[in-house]
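Visitor: Could you take me through one part of this model up close? I'd like to look at a single helix, the salt bridges on it and whatever packs against it.

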Amino acid sequence: MNVAEYMSCVPECAAFPSVDALQAELEELAAAHPGLVRPRRIGTSRLGDPLHAVTVGDGPADAVVIAGPHPNEPVGALTALTLIRLLCQHPHLQAELGFRWHIVACADPDGARLNEGWYSRPGDRRAYTQHFYRPDLADQVEWTFPLTTGDYSFDRPLPETAALMRLMDEVRPSLVYSLHNGEYQGAFFYLNREDLALAEQLAALPGMEGLPLHHGEPELPGATPIVPAVYLTPPGSQVGVAFGVGGSSADYAARYGALHLVTEVPYWTDERVSDRSPTGRTYGEIAAEGNAARRELIDALQVSMQAVVGDLTVHSPFRRSTEGTLESFRKLGELEEASHGPTRPATVAEEFGNRQTVHLLRLRLLGVFLRMLDAELAAGNLASAIGEQRRLLAERFDLWYGQAESDPPWPADRDPQAGRGATWCRPDRRCAHGRSEPPCCRSVLTLVMVPLHQR
């Protein structure tokens with residue numbers, strides 16, 4: 001397969017589509033390719049939005065593609081649209097890949113609508129964090145599949161999760177591909193098989209589009225690498241039990257012996273995310289700084305929550321997210337503190353990743369907290385504690401945002417117009433291809449093509 005040939009057909013994308021714009025594009029594709037692109041409703045969201053799957057092609061095997069299982073991760077929607085277009089435009093590609101594709105382009109429309117305030121400005125970190133929404137783990141489509149392990153049982157799938165379960169039950173897929181993206185990091189993958197050859201192929205793909213691999217700390221503490229930046233998918237028995245939630249789409253795909261793949265690509269990145277050279281400091285020093293900053297963040301927001309909790313009247317998704325995420329991050333911090341030896345040398349990637357993670361967690365959590373308070377004020381709840389915390393936390397947001405901006409995402413001696421260092425992080429930046437902000441979906445699409453062809 002000539003991946004470069006297909007990549008050259010991928011258009012640039014100026015923004016992420018809203019839920020309604022995404023559905024309109026899918027309907028246009030179905031109208032333009034009747035019989036080939038076959039949309040159907042597979043369920044209904046918690047707030048009544050229809051959930052759709054689009055089937056393309058008639059290959060001998062079935063593949064389920066899940067985009068947007070986390071609503072603050074809309075890169076997958078662009079990937080889904082582009083994959084459908086390529087399959088329509090290149091009939092021989094359908095035969096080459098050998099799948100009948102069942103593509104869910106937006107798995108959580110309710111959550112996606114709460115992020116649309118920044119979708120048109122994907123390179124603006126202030127807009128991203130001020131309009132950010134990510135549900136608590138218990139409200140996430142990806143982590144509410146049924147799970148039974150030992151004495152632990154979870155059987156409360158969300159309506160959106162249940163729709164994906166029905167789809168998998170119907171088609172019995174041989175491949176399930178969950179599309180994700182991160183924030184300030186490199187590209188990395190989760191694979192549910194310890195397949196060294198496939199892992200090496202995956203690790204080689206990001207470089208084709210100028211993306212560095214993620215060589216900092218794994219997203220989940222203790223994740224087992226097959227090769228650098230390709231990890232074994234953590235089972236629900238590990239994650240679900242630790243956080244009191246369910247299994248993932250990988251756990252459900254295992255019922256059918258399916259290959260399960262997760263791609264994680266960044267919004268913003270920097271060459272230091274893949275720099276494994278030593279910093280001259282120990283990992284214990286780096287980790288202690290990050291852990292202390294995260295504890296400070298959680299403690300500060302818990303104090304603010306205690307100040308307003310007696311006056312809260314609106315059962316908003318922002319409140320559920322704030323309360324649940326504070327507890328999830330506390331548990332995650334405990335796992336991280338127990339996962340590494342403190343005396344080994346720290347790498348540049350680990351130091352950079354720890355620092356940027358602190359900035360983003362601060363801004364994400366505080367952004368949702370402020371949206372929770374704004375929902376109260378919009379409902380006419382003018383309790384003095386809510387107004388006071390809104391003022392104090394807005395000041396803290398500006399402080400933390402200023403600290404993040406003053407911590408440059410590329411070395412101070414790097415020319416910010418030179419096409420290296422950080423990419424996709426400021427309006428005047430250009431990526432490795434010379435394309436201006438915001439990112440297009442070429443990098444993600446590359447990660448779709450080769451591993452499926454050579455599975």
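Guide: Sure, let's begin with a salt bridge: Arg391 pairs with Glu388, and their closest N and O atoms sit 2.8 Å apart. Keep in mind that this is a predicted model. Both residues belong to helix H15, and because they are three residues apart there, about one helical turn separates them. As for solvent, Arg391 is partly exposed at a relative accessible area of 41%, and Glu388 is also partly exposed, at 34%.

Now step to Arg390. This residue forms a salt bridge with Asp374, with 2.6 Å between the closest N and O atoms. Here the pair links distant parts of the chain, since Asp374 is in helix H14 (residues 348-378) and Arg390 is in helix H15 (residues 384-406), 16 residues apart. Asp374 counts as partly exposed, at 31% relative accessibility, and Arg390 does too, at 24%. The cut-off for buried is under 20%, so the 24% of Arg390 leaves it in the partly exposed class.

That bridge brings us to how the helices pack. The axes of H14 and H15 lie 10 Å apart, at an angle of about 155 degrees. Angles over 145 degrees count as roughly antiparallel, so that is the label for H14 and H15. The crossing of H14 past H15 is left-handed. Asp374 and Arg390 both turn up again in this contact, where H14 also brings residues including Leu363, Leu366, Phe369, Leu370 and Leu373, and H15 brings, among them, Ile386, Leu393, Phe397, Trp400 and Tyr401.

H15 has another helix packed against it: H12 (residues 283-308). Their axes come within 9 Å and cross at roughly 160 degrees, so H12 and H15 are roughly antiparallel as well. H12 passes H15 in a left-handed crossing. From H12, the contact uses Leu297, Ala300, Leu301, Ser304, Ala307 and Val308. On the H15 side there are Ala385, Ile386, Gln389, Leu393, Arg396 and Trp400. Several of these H15 residues, including Ile386, Leu393 and Trp400, are also in the contact with H14.

To put the helix pair in context, look at the nonpolar cores. The largest has 103 residues, and Ile84, Trp101 and Val230 have the most contacts inside it. H14, the partner of H15 in the bridge above, gives the most to this core, with eleven residues. Zooming in on Ile84, and leaving aside residues up to four places away in sequence, you'll find it touching Leu26, Leu29, Val37, Val54, Val56 and Ile103. Apart from the largest core lies another, of 19 residues, with Ala107, Leu164, Met168 and Ala258 among them.

One more bridge is handy to set beside those on H15. Arg38 pairs with Asp58, the closest N and O atoms being 3.5 Å apart. This pair also links distant parts of the chain: Arg38 is in strand S1 (residues 37-44), while Asp58 is in the loop between strand S2 (50-56) and strand S3 (61-67), 20 residues apart. Arg38 is partly exposed, with a relative accessible area of 27%, whereas Asp58 counts as exposed at 61%. As for the full tally, the structure holds 22 salt bridges.

Terms used. Residues are numbered from 1 along each chain as its sequence is written. This is a predicted model: local features need pLDDT of at least 70, side-chain atom pairs count only at pLDDT 80 or more; totals for chains, interfaces and linings use all residues. Side-chain values use heavy atoms; hydrogens and water are left out. A salt bridge is a side-chain nitrogen of Lys or Arg within 4 Å of a carboxyl oxygen of Asp or Glu. Helices (H or I, at least four residues) and strands (E, at least two) are DSSP runs, numbered from the N terminus. Buried means under 20% relative accessible area, exposed over 50%, partly exposed in between (1.4 Å probe, protein chains only). A nonpolar core is a set of buried Ala, Val, Leu, Ile, Met, Phe, Trp, Tyr and Cys residues joined through side-chain atoms within 4.5 Å. Contact means heavy atoms within 4.5 Å. Axes are lines fitted to C-alpha atoms, for helices over the stretch in contact, and angles run from 0 to 180 degrees between N-to-C directions. Angles under 35 degrees count as roughly parallel, over 145 as roughly antiparallel, 65 to 115 as roughly perpendicular and the rest as oblique. A crossing is left-handed if the near helix is turned anticlockwise from the far one by less than a right angle, and right-handed if clockwise.
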